[in-house]
2 protein chains.
Amino acid sequence: MSSDHIKVGLLGCGTVGTGILRILTENRSDIVARLGSDIEVTAILVRDPDRERDPIIPRALLTTDPQKVIESGAKIIVEVLGGYEPARTYMLAALAAGCHVVTANKALLAKHGAEIFRAADEVEKDVIFEASVGGGIPIIRTLREGLAADRIDSIHAIINGTSNYMLTGMSSRGAAYSDVLAEAQAKGYAEADPTMDVGGFDAAQKLSILISVSFGADIPFDQITTEGIEGLTPADFAFARQFGYAVKPLAVAKAHLPEDGDDPAAVTLIEARVAPHLIPSDSMLAHTNGVFNAVRVTSHALGPVLFYGKGAGMMPTAAAVVSDIIEAARNIMGDTYGRLPHLAFHKELVRPTRLQPADDAFCPFYLRFTVRDEPGVLAQLTTALGAERISIRKMVQDQYEPGLPVPVVLLTHQAREGSVKRALAVIDSLPFVTEPTCYLRVEDIR
Amino acid sequence: MSSDHIKVGLLGCGTVGTGILRILTENRSDIVARLGSDIEVTAILVRDPDRERDPIIPRALLTTDPQKVIESGAKIIVEVLGGYEPARTYMLAALAAGCHVVTANKALLAKHGAEIFRAADEVEKDVIFEASVGGGIPIIRTLREGLAADRIDSIHAIINGTSNYMLTGMSSRGAAYSDVLAEAQAKGYAEADPTMDVGGFDAAQKLSILISVSFGADIPFDQITTEGIEGLTPADFAFARQFGYAVKPLAVAKAHLPEDGDDPAAVTLIEARVAPHLIPSDSMLAHTNGVFNAVRVTSHALGPVLFYGKGAGMMPTAAAVVSDIIEAARNIMGDTYGRLPHLAFHKELVRPTRLQPADDAFCPFYLRFTVRDEPGVLAQLTTALGAERISIRKMVQDQYEPGLPVPVVLLTHQAREGSVKRALAVIDSLPFVTEPTCYLRVEDIR
């Protein structure tokens, strides 16, 4: 019987690796009933085999030699080491040895994806990576297969649980940024150095992968406009609420089709950014709170769809990895490979795409000015905006303490980002403006 | 080149059929770039080829002879006729001719699924049916593949857009049942005879399919407790709101694992029903309004996930059908069949399941009594409930017109449904009770 088992080797046995072993044990009968075969772990790469571990981990399988895992008879190698190296080298070695590879390593794919997928295609093996984005939400699979019939127009995603947890706290309790950060760190939702999460870089890596599988476009994550949540104040949430909006940490991508759709050389522009945004308070994304993630996709025929769930954590991430192991196992059992291109599209058949310059983004803006309360201030602000043809939809100025600088908050009609930046450069040099203006983009999704 | 095309024959060309042709035309370049091949429609079965139709439909392909479609060279036959016959006969003929079959026909699968899947297995072809549940939400694919690693615990689904549209209207505007029904009919969201939708039967058929692919259980839809939305009044929505709840048309299924999990013969009980329920006002499902559908799944490792989108309509349903055509095409191109069992599980490996008797459901209840306002009424109500060990969590009695019967509304703690029914049989025969008591189940999902 054992020779019929699907054999799997694990590179790494930290939190996610332990979760994988837990799921393979606890859900075994369901997995066998679905797959029609058992999954057997053959070897597990660790740094220190003697350290104390969860008893679910079979100690006899631990090794410090990656080659022993790759040559353990496993047909599927699971990489849960994280980081760039040695993960990249080991994955390439596993492919060269004729194994399928499953990975949750978004950073590695965002940086070295092209090389890894090319290596996989050369040896006709699959690299599967559901857990790299959205944790337990099967969003990669959905974009590659479920929505395969449709032309995807836009993505609005809450894909960083740390940022969403923090902004939920700032919004619901009026807590300060530093307090919610300390709380997130105490709960293990934020790292000691939280830059990757709060700075938007983790989300940008994930967005780069979502853009690949949604639009067939290759947009390196470090070219995506990435703004963190550090500059938000509790007042921003209160002002947004008065306008009927919530403030959420969003990754946004849109495909702007060429006007001349019949010209195969016409370029599709990809708008992409990670930043806190205002979205309508009654939208499904606005109800996505705490560490939950959600990905909203709009496409030509379907309109909006939304996928919601836990975006991180040991068990959700591990469940996504094991669903990928099952997919690889099905391909092995069905003796098929490359049913789908790794990034969903046959690159040679995709029409050309290019990143839209950030200044060309066109949306309403939330502007929070900090000014001394003097006569004529509003006239000068609106004149500077008007000079860039930016018109105003709503205004609030209701917090007021005599003698102190006051916030003036505006919601604009749709405007080009470049125009807004030029207007703010003028405004921020006016003598009565006491702080740089805070600006946030508005996405009027439902 | 044409010989490389994936050839598809259409049985039926009503709303969904027209949508399919639209998507194949409008999304062609995206589909080709994803699939690596073109999809060509070879023949289309219609009743009347001479009737006026959408110009997107190629008239030269129309035929009244089903055999011509099956023998048109198509490798994939798409059934969008609806109903039991002749759809069943044609599907079996298509399979016998060696074609893969794609269908959106939930009624047919709920009734004749076993026969059709058996016929497909005999000839080693796939029957794919994403569009049968949840329209454009890729929920079948997600349950079969995305969540394949996990043990599914429960499903809470809004899968009938008509009912959800109507209850949204009753809740948001306090409209009467008859008014929202007339409105839904005027907008084309409800049929002239709305029984299938408002009576819960459409949702029960879909739930039967969801139960199959989630739990590996075979629960015929006509054995599922099915209650319609006809008995709700605008007051129920107002009372529920006071308790912190929304009233939503839900399909609910839960797997109750046997206590002795190690005994392979121990039976898993499947709780299943379709009925309006109270759910917390701040839950994601409670925010699913209008004709939108949402399916919430909880599983062992992932916890809750939710999938939201348009559950019906020409384009969403057609997009789901075309994603199935693409899946069948990938299997043809990869020369593989039966990557997954049709209903997700290898039946011989699933532990036995049985439908839980409806009276064994255990949850909190919403009870709306209609009584004459006499001294001692509340004491007699609570005594009758107490005799069945039903305890009370909350109470409202705030609508009051002298001389008229008054509503008394209670929220109970968790109780067994059989006990509640026995208590209500006693209560409804008390002299001061002027109308049968309305009872709704409460699901405290988040």
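## Helix H4 of chain A

In this predicted model, helix H4 of chain A, which spans residues 87-96, has Ala87(A), Tyr90(A), Met91(A), Ala94(A) and Leu95(A) as buried residues. These residues lie on the same side of H4(A), because they cover an arc of only 140° around the axis. An α-helix has 3.6 residues a turn, so residues three or four places apart point the same way.

The cover over the buried residues of H4(A) includes strand E1 (6-11), helix H3 (66-70), strand E4 (76-79), strand E5 (100-103) and helix H5 (106-123), each of them in chain A. After H4(A) comes Gly98(A), a residue whose phi is positive, near 90°.

## Domains of chain A

The domain assignment divides chain A into domain 1 (2-128), domain 2, which is made of two segments (139-310 + 350-356), and domain 3 (359-442). Taken over C-alpha atoms, the centres of domain 1 and domain 3 of chain A are separated by 53 Å.

## Relation between the two chains

Chain B is superposed on chain A by a rotation of 180° with 0.0 Å of shift along the rotation axis, and the RMSD of this superposition is 0.0 Å. Such a relation is that of a two-fold axis. Within chain B, the C-alpha nearest the axis belongs to Phe307(B), at 2.4 Å from the axis.

The contact between the copies follows the same pattern, in that 100% of the contact residues of chain B recur in chain A, and the same surface therefore serves both copies.

Key:
Residues are numbered from 1 along each chain as its sequence is written. Chains are lettered from A and ligands numbered from 1 in the order in which they are written. This is a predicted model: local features need pLDDT of at least 70, side-chain atom pairs count only at pLDDT 80 or more; totals for chains, interfaces and linings use all residues. A residue is buried if 20 or more other C-beta atoms lie within 10 Å of its own, exposed if 12 or fewer, and partly exposed in between; C-beta atoms are placed from the backbone. Helices (H or I, at least four residues) and strands (E, at least two) are DSSP runs, numbered from the N terminus. The arc is that of the directions from the helix axis to the C-beta atoms. Two residues are in contact if their C-beta atoms, placed from the backbone, lie within 7 Å. Copies are superposed by least squares on the C-alpha atoms of residues with pLDDT of at least 70 in both. Domain bounds come from an automatic or database domain assignment.
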